[in-house]
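Please take a moment to examine the sequence and the structure shown below. The explanation that accompanies them proceeds step by step.

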Amino acid sequence: MASIISARQVLRLPSGIRHFSSACLRRSAAAAEVKRLGVVGAGQMGLGIALVAAQKAQVPVTLVDSSQKSLDKGIAFAEKLLAKDVSKSRITQEQADAARALLTPSTTLDDLSSADFVIEAVPEIPSLKFDIFSKLAQICPKHAILATNTSSISITRIAASTTGGNPTDTTNSSRVVSTHFMNPVPIQKGVEIIAGLQTSKATLDAAVAFCQRLGKIASVSADSPGFLANRILMPYINEAVICLETGVGDRDAIDAIMKNGTNVPMGPLQLADFIGLDTCLAIMKVLHEETGDSKYRPAILLRNMVDAGWLGKKSGKGFYDY
């Protein structure tokens, strides 16, 4: 990938950033030895990532969220999932207890000062992510990988927020990468790894290695709007919504033909409900605005449903009632 900076290339950069190569090498070696993971955001994605790390990699996880209520809800959900696994004999009670003991909730980013790898999983609000990464660059150890779970925002832009206004100093921006997990994290095997323009090869390799420790299958894509997964998935969902709003088929027919005709586990409208219609709309807006291509224009019905607060499963109503 042309955007990846190799350790050898770094040695030929201006003297002000030559020290970066040794940091990259330490970063690559540290990936397989991540001793503490930090996860920012205790929502469905963040909690899922934290739980998988505790179970599969058996690594201590500091789960950070600004809301104590969100943390309490997330930890309670983790305990529920672990109890379900025990009841189905997937794991023993001892394994469940060990995984739960590895999860430490916190309301302050400062508690990530000892993390070797941090994954941000907050809502798709660019300013929020930029602010978090700016702080992480100062709080986390210099060897730590700073990863985002963004599904649509440019990794290059997120990485630029760590430079403190000096874009020529890639010490921090070179350790920023995307680890885009699929929902629900405990079930879906795929993880999309995306490198920004500044991301070093050592950082990319470290991200792939750590995701493999979590039992995931990594696919690498370029820093382009929507990346791979959502560049393909969201127009598919959006077209299904257009088919519904224009009367090409009703809800049940649309979902049934895709399930029974293409062997997908759920139809596009049901899938949209599970993802969140607000999330689908946000990603379609990014695709439309950043590519300028009219084929990515969000369906009017999708916009209207979000305006109505019908966001899918999380709100109790979407294309289906929950």
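The following paragraphs discuss a sheet, its strands, the cysteines and one loop residue.

This is a predicted model, in which local features need pLDDT of at least 70 and side-chain atom pairs count only at pLDDT 80 or more, while totals for chains, interfaces and linings use all residues. Residues are numbered from 1 along each chain as its sequence is written, and side-chain values use heavy atoms, with hydrogens and water left out.

An open sheet of eight strands follows the order β3-β2-β1-β4-β5-β6-β7-β8, with mixed pairing. Strands here are DSSP runs of E with at least two residues, helices are runs of H or I with at least four, and both are numbered from the N terminus. Two strands pair if DSSP finds at least two bridges between them. β3 (103-106) and β8 (217-221) stand at the edges with a single partner strand each, so one side of each has no neighbour in the sheet. Within the sheet, β6 (residues 176-181) and β7 (residues 190-195) run antiparallel and are joined by five bridges; Ser-178 has Ile-194 in β7 as its bridge partner.

The structure holds zero disulfides, a disulfide being a pair of cysteine sulfur atoms within 2.5 Å. Why does Cys-280 form no such bond? The closest cysteine sulfur, in Cys-243, is 15 Å from the sulfur of Cys-280, which is too far for a bond. Cys-280 is also buried, at 1% relative accessibility, where buried means under 20% relative accessible area, exposed over 50% and partly exposed in between (1.4 Å probe, protein chains only).

Met-266 lies in the loop between α10 (251-262) and α11 (268-275). Met-266 is partly exposed, with a relative accessible area of 22%.
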